[in-house]
Amino acid sequence: MSIVRGTSEDMKQSCGSLHPLDKAAFPEPELLCIFGTGDLGRSLGLRLLQSGYRVVYGSRRPHSCSPLPQGAEVMTHAQAAQSANLIFICVHREHYGFMKTMEHHLIGKVLVDLSNNLKKDIYPEANAVYLQRLLPEASVVKGLNTLSAWALQNGLLTGKQVSSK
């Protein structure tokens, strides 16, 4: 093993320029969309923002919805759907109908269905299966439906009881 010694001037010459990186080297974070401004939608949006994503909410009432995480945008469902390729669905199945009316905005989009039914066996098929049938030109994924708004707000490990024994 040999040790190479050099002066700081030698190192500066071999390292190249120390100019600040161009902004183009860091692409803008991906924009993700959330349909639903309730507890789950707000909590998910907060965590996505904290993870470096940009977040836009689609809402029935974009000018009068409850407070959303700082840094998120809110607009109509159609406007929000047009701005992102990945859409988290944080609304109950009973409210899926609005998506059929704007189906042309959801063609080719990935929809992540986070919903759970309030009662077991209330519908003949799973919500994600129903949503895929409702919007055949979108790609529906079932996921994150075991995450609670409480766990997202408080950190995933705080919901676990830890024994001090």
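Let's call a residue buried when its relative accessible area is under 20%, exposed when that is over 50%, and partly exposed in between, using a 1.4 Å probe and counting protein chains only. What you're looking at is a predicted model, where local features need pLDDT of at least 70, side-chain atom pairs count only at pLDDT 80 or more, and totals for chains, interfaces and linings use all residues. Residues are numbered from 1 along each chain as its sequence is written, and side-chain values use heavy atoms, leaving out hydrogens and water.

A good place to start is β1. Both of its faces are covered: L31, C33 and F35 on one side are buried, and so are L32 and I34 on the other. That makes 5 of 5 residues buried in this strand. As background, side chains in a regular strand alternate between the two faces of the sheet.

Now step back to the whole chain. It has 6 helices and 6 strands, where helices (H or I, at least four residues) and strands (E, at least two) are DSSP runs numbered from the N terminus. Reading from the N terminus, the order goes α-β-α-β-β-α-β-α-β-α-β-α. Of the 165 residues, 33% count as buried. The chain exposes about 11300 Å², with carbon and sulfur atoms supplying 56% of that; the areas come from the Shrake-Rupley method with a 1.4 Å probe, and for residues only the protein chains shown count as cover. As for contacts (heavy atoms within 4.5 Å), take the ones between residues at least 6 apart in sequence: 59% of them join residues at least 24 apart.

Back to β1 and its partners. Two strands pair here if DSSP finds at least two bridges between them. β1 pairs with β2 in the parallel sense over 5 bridges, and I34 stands opposite Y57 in β2. β1 also pairs with β4, again in the parallel sense, over 3 bridges, with F35 opposite I89. From β4 you can carry on to β5 (residues 110–113), a parallel pairing over 4 bridges in which F88 stands opposite V112.

F35 deserves a second look. This β1 residue is buried, with a relative accessible area of 0%. Its C-alpha is separated by 6.8 Å from that of V91, although the two are 56 residues apart along the chain.

F35 also leads into the packing. A nonpolar core is a set of buried Ala, Val, Leu, Ile, Met, Phe, Trp, Tyr and Cys residues joined through side-chain atoms within 4.5 Å. The largest one has 23 residues, and F35, I89, M99, L106, L111 and L131 touch the most other members. The elements giving two or more residues to this core are β1, α3 (77–83), β4, α4 (97–101) and α5 (127–134). Leaving out residues up to four places away in sequence, M99 touches F35, I89, L106, L131 and L135. Apart from that core lies another, of 12 residues, among them L32, L49, F88 and V112. In general, nonpolar side chains in soluble globular proteins tend to be buried together.

Next comes α2, residues 39–50. Its 12 residues reach 17 Å from first C-alpha to last, close to the 16 Å expected at 1.5 Å a residue, the expected span being 1.5 Å times one less than the number of residues. The buried residues of α2 are G41, S43, L44, G45, L48 and L49, and their cover includes β1, β2 (54–59), β4 and α6 (149–154). After α2 comes G52, whose phi is positive, near 100°.

R47 sits in α2 too, but this one is partly exposed, at 28% relative accessible area. Beyond its neighbours within four places in sequence, R47 is in contact with L152, Q153, N154 and G155. The C-alpha atoms of R47 and G155 are separated by 9.4 Å, at 108 residues apart along the chain.

In the loop between β1 and α2 you'll find T37, which is buried at 16% relative accessible area. Setting aside neighbours within four places, T37 is in contact with R42, Y57, S59, C65, S66 and L68.

What about the cysteines? With a disulfide taken as a pair of cysteine sulfur atoms within 2.5 Å, the count comes to 0. C90 is buried at 15% relative accessibility, and its sulfur is 9.7 Å from the closest cysteine sulfur, in C33, so that is too far for a bond. C65, by comparison, is partly exposed at 22%.
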